[in-house]
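This report goes through one protein chain, beginning with a pair of charged side chains and ending with the chain as a whole. Please keep the sequence and the structure in view while reading.

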Amino acid sequence: MLRIMSSRRSRHFVLFLADMFCLVLACALIIGVYPSSAMALTTRAKVTNSALLIACILLVRLLLGSYAQSWRYANESSYLLFVLADALGGAVFLAASDMFLVYKISVIHTLAALSVELLFTLTTRFVYQWHRAAGHNHKKALRRQAALPPDARAKTRVAIVGASDMGVQLAQELLSDRGAKYVPVCFIDKNREKVGNYIYKLKVYPEDEHVGLLAERLSIDTFVIAVPDKGPGFLQQLFEFYKQFGLRVLVYDYPANRMLQDGGEKTIREINIEDLLPREKIETLGEGQAAFYRGLRILVTGAGGSIGSELCRQLYRMEPSRLVLLDIYENGVYDLCQELQAVSQNTELHIEIGSVRDARRLDEVMEAHKPDVVFHAAAHKHVPLMEHNPTEAVKNNVLGTLNVVNAAEKHGVRRFILISTDKAVNPTNVMGATKRLCEMIVQSRKDSPTDFVAVRFGNVLNSNGSVIPLFKRQIAQGGPITLTDKRVVRYFMMIPEAAQLVLQTGCFAEKGDIYVLNMGQPVRILDLAENMIRLSGLAPYADIDIVEVGLRPGEKLYEELLVREETMRQTGDSRIFIEHETGPDRAEVEKKLTALTLALDEGTPEALRAALRHTVPTYQDAEETNLMAEEAIRRQEQVPAPGGISSQEEAHAQR
């Protein structure tokens, strides 16, 4: 630390000496050759005027903190402050010379001296800034080059797509960094007013069908997309256009479909499948909403899972007084806790290992931490596995939720948010049926002092058990990619987006309601698979094949989020809806749970499935449901509209 401070002081002292030299030189040139007009100035008078001018300028610079700035990173404000300091210094000199000097220089010569010394001084600053930046970049370049293998040290010639502020910023960064892996060759832009112009000596070419020939002529290796977000699907259009030329397509800090934190470093990166999902950009919570969680004690069950861990990350930034991570799997919450603790904050972090099946353990945790808010994300969610293990699904999802609900109510939790799923709507599998029962438990507690609500959304990209990791492994192995059915349509959401909307819902939720997140446009799994192959630099069906393996037990062709459109009401947030379905009361839910417990005691999967069909009236047969959906689709010749009544729902109503 002392060495750094000493080095900084020495640099400031060198700059101070350079300024002294510039001031003396300017005074010698202007005041030293002061003409003899009305009154000739003696050498002594010239020295006195020069000394006073220099003293006034240096004094004002010190008072305004000009020498406390890091001139290596100086910007417009730094230079304007410098000019202001010298102008004030000149004004102080004029006032002081009127008071103390008999023989003084004129205002015109004072301005001339100020102008010349300012020119000299600013020149030294520009040279200093350039030298420091060049030296830093050179050292960084040497380190970066040394770290690369010999065959990877060649520069990659890139065309920057977008001659707007973002593209210009990228070009400036690459041109100023001699160690950069990429070297910009040109800009490509569809704005005809920019085409033909030069930016940093890089020509702007039109975005048209001749881009491929341009890339060949200029030996371009890669296209880097550097344009601002223009809505869902925009990046996918650009990706598909430039991918057709057979070159690599990267993106420069594209903010769509991901939670870029403020101050995050901009990078050139690969395009992810999340970027190509037709989703609106999700803004962070406003200060008023984030303030809802500030200072509260919050418990998250299933904190080590995909959704649970992201909830914890976002909650931690809102500075609750205490954040309790509850999970049965210790490694997940341990890693998460280490990640959160790397950010210095006053929030208390606590890891509690335990299962939601253990009512006594839940009671101990609630008693110890007295949470104000509980997010219940712990659940078994894998459809085929739960279809094969219905007993475990009921124990963990239904009875586990009942345990958490009872403990929350007993210990005075203010708000309880259940993480539900679109598979709870007209369920065709055990997992969906158990989650619908969880929703019923929440709906039955309207008479409770605790606000019990549920938030329902669809599939989450890159979550544990999702298709994305599976497709990545299959592509890495050379294929083929296996699809259950090429007609399958699913709603998708990014993990940060889902967590963001869950937290948004938790701010204004009312007891007993089921909140449904707007999942946007449905996505064909086939399109998802084809895009992932293209992102890997391969061609679908040529390099990697895609084959159907058939729907698994309990799977739907088309998933739903809402049971009936007429019961749906939009909240103040256009992305969040409320389904006003009349829920069962406590007595009715207790009867259902008693019947389910008896079926569990019987110990056979058949008895348990029969009990689930009895307790969840909307539980349907998957094969029959898919056949009706196909018939409805053939009649209407359209895919289910998001947020409305789907073809499957109409088929169910007709049934």
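## A first salt bridge

Arg294 and Glu319 form a salt bridge in which the closest N and O atoms are 3.9 Å apart. The structure is a predicted model, and the distance is computed from it. A salt bridge is counted when the nitrogen and the carboxyl oxygen are within 4 Å, so this pair at 3.9 Å meets the rule. Side chains of opposite charge can pair when their charged atoms come close.

The two partners belong to distant parts of the chain, 25 residues apart. Arg294 is in the loop between helix 8 (287–293) and strand 8 (297–301), while Glu319 is in the loop between helix 9 (306–317) and strand 9 (322–327). Arg294 has a relative accessible area of 35% and is partly exposed. Glu319 is partly exposed as well, at 41%.

## Other salt bridges

A second salt bridge joins the side chains of Arg297 and Asp372, with 3.4 Å from N to O. Arg297 lies in strand 8 and Asp372 in the loop between helix 11 (359–369) and strand 11 (373–376), so this pair ties together parts that are 75 residues apart in sequence. Are these two residues buried or exposed, or in between? Arg297 counts as partly exposed because its relative accessibility is 30%, which falls between the limits of 20% and 50%. Asp372 has a relative accessible area of 11%, which is under 20%, so Asp372 is buried.

A third salt bridge links Asp363 with Lys410, and here the closest N and O atoms are 2.9 Å apart. Asp363 is in helix 11 and Lys410 in helix 13 (residues 390–410), distant parts of the chain that are 47 residues apart. Asp363 is partly exposed, with 24% relative accessibility, whereas Lys410 is exposed at 59%. Elsewhere, Asp19, Arg61, Asp86 and Glu117 are joined into one network by salt bridges that share partners. The count of salt bridges comes to 23.

## Aromatic rings

The chain has eight aromatic pairs. In one of them, the ring centres of Phe223 and Tyr242 are 4.9 Å apart and the planes are at 50°, so the pair is tilted. Phe223 is in strand 5 (residues 222–225) and Tyr242 in helix 7 (residues 234–243), with these positions 19 residues apart in the numbering. Both residues are buried: Phe223 has 0% relative accessibility, and Tyr242 also has 0%.

Phe223 takes part in another tilted pair, with Phe245, at 6.2 Å centre to centre and 55° between the planes. Phe245 sits in the loop between helix 7 and strand 6 (248–252), 22 residues from Phe223 in sequence. At 23% relative accessibility, Phe245 counts as partly exposed. Together with Phe241, the residues Phe223, Tyr242 and Phe245 form one aromatic cluster.

An aromatic ring can also have a charge over it, as at Tyr619. The charged end of Arg613 sits over the ring of Tyr619, 4.5 Å from the ring centre.

## A surface patch and a covered helix

Which residues make the nonpolar surface patch of about 490 Å²? The patch is made by Ile328, Tyr329, Tyr334, Ile351 and Ile353. Of these, Tyr334 is found in helix 10 (residues 330–341) and is partly exposed, with a relative accessible area of 47%.

Helix 16 (residues 495–508) is mostly covered, with twelve of its 14 residues buried. The buried residues include Ile495, Ala498, Leu501, Val502 and Leu503. Glu497, Gln500, Gln504 and Thr505 are also among the buried residues of this helix.

## The chain as a whole

The chain has 655 residues, and 51% of them are buried. Its secondary structure comes to 21 helices and 22 strands. The accessible surface is about 31,000 Å², and carbon and sulfur atoms account for 55% of that area.

How are the contacts spread along the sequence? Of the contacts between residues at least 6 apart in sequence, 75% join residues at least 24 apart. The salt bridge between Arg297 and Asp372, described above, joins residues 75 apart in sequence.

Conventions
Residues are numbered from 1 along each chain as its sequence is written. This is a predicted model: local features need pLDDT of at least 70, side-chain atom pairs count only at pLDDT 80 or more; totals for chains, interfaces and linings use all residues. Side-chain values use heavy atoms; hydrogens and water are left out. Helices (H or I, at least four residues) and strands (E, at least two) are DSSP runs, numbered from the N terminus. Buried means under 20% relative accessible area, exposed over 50%, partly exposed in between (1.4 Å probe, protein chains only). Contact means heavy atoms within 4.5 Å. Accessible areas come from the Shrake-Rupley method with a 1.4 Å probe; for residues, only the protein chains shown count as cover. Rings of Phe, Tyr and Trp (its six-membered ring) pair if their centres lie within 6.5 Å; planes under 30 degrees apart count as stacked, over 60 as edge-to-face and the rest as tilted. A charge sits over a ring if NZ of Lys or CZ of Arg is within 6 Å of the ring centre and within 35 degrees of the ring normal. Patches are made of residues with over 30% relative accessible area and no salt bridge: like charges are joined within 9 Å, nonpolar side chains (Val, Leu, Ile, Met, Phe, Trp, Tyr) within 5 Å.
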